[in-house]
Amino acid sequence: MTSILSIQAIIEESEKEAGRFAWEGTLADYLSMVVESPSKPRLSHALVHDAIVSQGVETRPNGEPVYGLFDGEIFGLERSLDRIVQYFSASAKRMEVRKRILLLLGPPASGKSSVVDLIKRALEQYTRTDEGAVYAIGGCPMQEEPLHLVPERLRSALHEQHGIYVEGDLCPRCRYMVRSEYDGKVSKVPVRRIVFSEREAIGIGYYVATNPNPSDASLLVGSVDTSRLEGDRQAVAGKAFRLDGEFNVANRGLIEFVEMFKANKHLLTTLLGLAQEQIVKMERFGSLYADEVIIGHSNEGDFDTLLSDARSEALKDRIIAVQIPYNLKVREEVKIYEKMMKESTLQDVHLAPLTLRVDSIFAVLSRLDTPSRQGMSLMDKLRLYDGEMVQSYKDKDLKEMQRHDANEGLQGISPRYVMNSVGAVASGADVTCVAPLAALDSLWNGLRENVSLDQSDLAKYLGFIAESVKEYGALAIKEVQRAFEESFEQSAAQLLDSYLASVAAFRVDGSERGSAGEREGNVSERDMRDIERSIGVTEREKSEFRQEINQVVSAWKGKGLKFDYTSDPRIRAAIEEQLFPSRRKVERGLTQPRFARARVEWSRLRESVANRLVGSYGYCAACAEDLIDYVPHVLKNRAVLKTPKGEGLEWLWPLSPQSTGLISSEE
């Protein structure tokens, strides 16, 4: 149990925290530290890279890296995140790529700002650790590296003898300070530990390029005290230049450049000089060295304008563009909405378990390009992206399409729009539960009010609504099939264990080791084939399939993860096919019988299914009853909606479920 802190203890801990980073010493003290740890005076890209990986890096069973910094925060952007980390990994080794601007390119609300925010927070946190400690010349507005006090002629020896790499020069302020205040005695110059903080403008800069006025350059390169412009040029540079611009703030850390290509050409030229030469030009007074990561964001339209401008060749050559598209996996889209829900005030309204999934299907459909594979539907492509089994197509088909559709996900419905639509339904009078169809209706109504969409766009989105309703029907049937019998999860686990035991005992040549098929806990070859045939595995393919499954299970166990029946789409489909009651059985069981004597058993079955939906699968009484009524309606192939003239929706099913007291009070 957490102990209760007294007021005095809170004050003492607060003071201790405030003084934790208050280290001050001399250049000699600092040199002693870096001789012991030559990697301590890292350049900016290395510091950011170490901040990212300090949060942990793991590998999924499929070989994809998982970065702890982004895990649970950014969803469905694994390839983009890996490219970003690889950029920092190469830059940390002082390769040429560090002299390029990292550009995050994508549509609104795709996650560009969220990615940068996480990197900035990681950088702040890392500089508060012993491993990420950063030291600077005391009093320098650019938190300058103390090793800049070491003359250029001594640096090669420092590197050869101690492995300490020094890059850069003193800023005008420090150069003037060393001469005027310390008479050139660098041993007297104070060195202090600093902690990066965006709020306090230390090590992290931020600039929104919305004002094209060239006078805004002072916001980047710093302002000038006009009262100190008289006298010796070096003295003026040391006294008059305040070094309070965002480039100065971001030295040794990073600067975030928002709406990058809306900036004036003069600012972009200044940015190019910083990226390419690591210098900030000070008009009429030379330049100063700056070491910082530049991360810009832009939308596709502004970037295309840059690409078409022949005068921007130098800038284009200094950009590493990483696409941050919309997520294209339904299961990851659901996680995005769940995260947004936690940050909202909608928790008092229940969402039917399939609501976010159905909305996600609609959103992802809007982002997909037409499949290049003959005969493949958009829903087939969506399922492949989501890791599901699609007959006649393999994962290699998806990878080939991804290469073909390099810009997929850069247009379509944004997560923000979807959550706004859900919020619109949830905020309605007397709404206690948001059902999938109500959420889709809200999405459609919002689109119709969007004046930026022309009629052809509306027709396309109307088709996505219809596809989402159709998929909701299929998902609803599976939900009821799962709840139709008691202990489905337990039965699925037992069947999986038995099948995997037989797979492990199966030899490469197709024979079984000893009497493995007869031992208790194993299923027979006939039962194995029943499972495999249900997902289209032929007799010729069975050995290869079993080897693949055995390798997948081993990979999961090797990562310390539990493999269950939902871990592999093929296994999930096979087990559900084996254990789910038939659609005919579900339809007959839930359809109200004509004769009163049969209604007692019918009512009891409905109540037990409803109780399992509520008790085990996250339904409330209202949406459980709505689902139980909806499934027979769908199984009888009855219409759920009409689209008159392809211009609107007419719902043939109630959008707001109401409970009629079907659920047992015992649950």
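# Reading enclosure, pairing and empty space

Modeller: Helix α15 is largely enclosed by the rest of the structure, because 12 of its 13 residues are buried. Here buried means under 20% relative accessible area, exposed over 50% and partly exposed in between, with a 1.4 Å probe and protein chains only. This is a predicted model, in which local features need pLDDT of at least 70 and side-chain atom pairs count only at pLDDT 80 or more, while totals for chains, interfaces and linings use all residues. Residues are numbered from 1 along each chain as its sequence is written, and side-chain values use heavy atoms, with hydrogens and water left out.

Biologist: Which residues of α15 are buried, and what span does the helix reach from its first C-alpha to its last?

Modeller: The buried residues are Thr355, Leu356, Val358, Asp359, Ser360, Ile361, Phe362, Ala363, Val364, Leu365, Ser366 and Arg367, a list that includes the charged side chains of Asp359 and Arg367. Over residues 355-367, α15 reaches 19 Å, close to the 18 Å expected at 1.5 Å a residue, the expectation being 1.5 Å times one less than the number of residues.

Biologist: How many helices and strands does the protein have, and what share of its residues counts as buried?

Modeller: Taking DSSP runs numbered from the N terminus, with helices as H or I of at least four residues and strands as E of at least two, there are 27 helices and 16 strands. Of the 667 residues, 50% count as buried, and the C-alpha atoms fill a box of roughly 105 × 65 × 65 Å along the principal axes. One buried case is Leu447, with a relative accessible area of 3%; Leu447 lies in helix α19, residues 436-448, and its C-alpha is 9.5 Å from that of Tyr417, although the two are 30 residues apart in sequence.

Biologist: How should I read the pairing of strands, and which strands pair with β11?

Modeller: Strands of a sheet pair through backbone hydrogen bonds, either parallel or antiparallel. Two strands are taken as paired if DSSP finds at least two bridges between them. Strand β4, residues 101-105, pairs with β11 in the parallel sense over 4 bridges, with Leu104 opposite His297. Strand β8, residues 254-258, also runs parallel to β11 and is joined to it by 4 bridges, with Leu254 opposite Val293. In β11, Val293, Ile295 and His297 point one way and Ile294, Gly296 and Ser298 the other, and all are buried.

Biologist: Which strands stand at the edges of the open sheet of β1, β6 and β5?

Modeller: The 3 strands of that sheet are ordered β1-β6-β5, with antiparallel pairing. β1 (24-25) and β5 (134-137) stand at the edges, and because each has a single partner strand, one side of each is left without a neighbour in the sheet. β5 pairs with β6, residues 191-194, over 4 bridges, and Ile137 stands opposite Val191.

Biologist: What tells me whether two cysteines are bonded, and how many disulfides does the structure hold?

Modeller: A disulfide is a covalent bond between the sulfur atoms of two cysteines. The criterion is a pair of cysteine sulfur atoms within 2.5 Å, and the structure holds 0 disulfides. The sulfur of Cys171 is 3.6 Å from the closest cysteine sulfur, that of Cys174, which is too far for a bond. Cys433 is in no disulfide either, with the nearest cysteine sulfur, in Cys620, 3.7 Å away. Both Cys171, at 1% relative accessibility, and Cys433, at 6%, are buried.

Biologist: How is empty space read, and what lines the largest cavity and the second largest pocket?

Modeller: On a 1 Å grid over the protein atoms alone, a cavity is a set of points where a 1.4 Å probe fits but cannot get out, a pocket is an open set with protein on both sides within 12 Å along at least five of seven lines, and lining residues have an atom within 4 Å of a point. Points are joined across faces, edges and corners, and a volume is the space filled by probe spheres set on them. There are 6 cavities of 30 Å³ or more. The largest holds about 120 Å³, and among its 13 lining residues Leu43, Glu145, His148, Glu167 and Asp291 lie nearest the centre. The second largest pocket has a volume of about 650 Å³, and of its 30 lining residues the closest to the centre are Ala109, Ser110, Gly111, Lys112 and Ser114. Helix α5 gives the most to that lining, with 5 residues.
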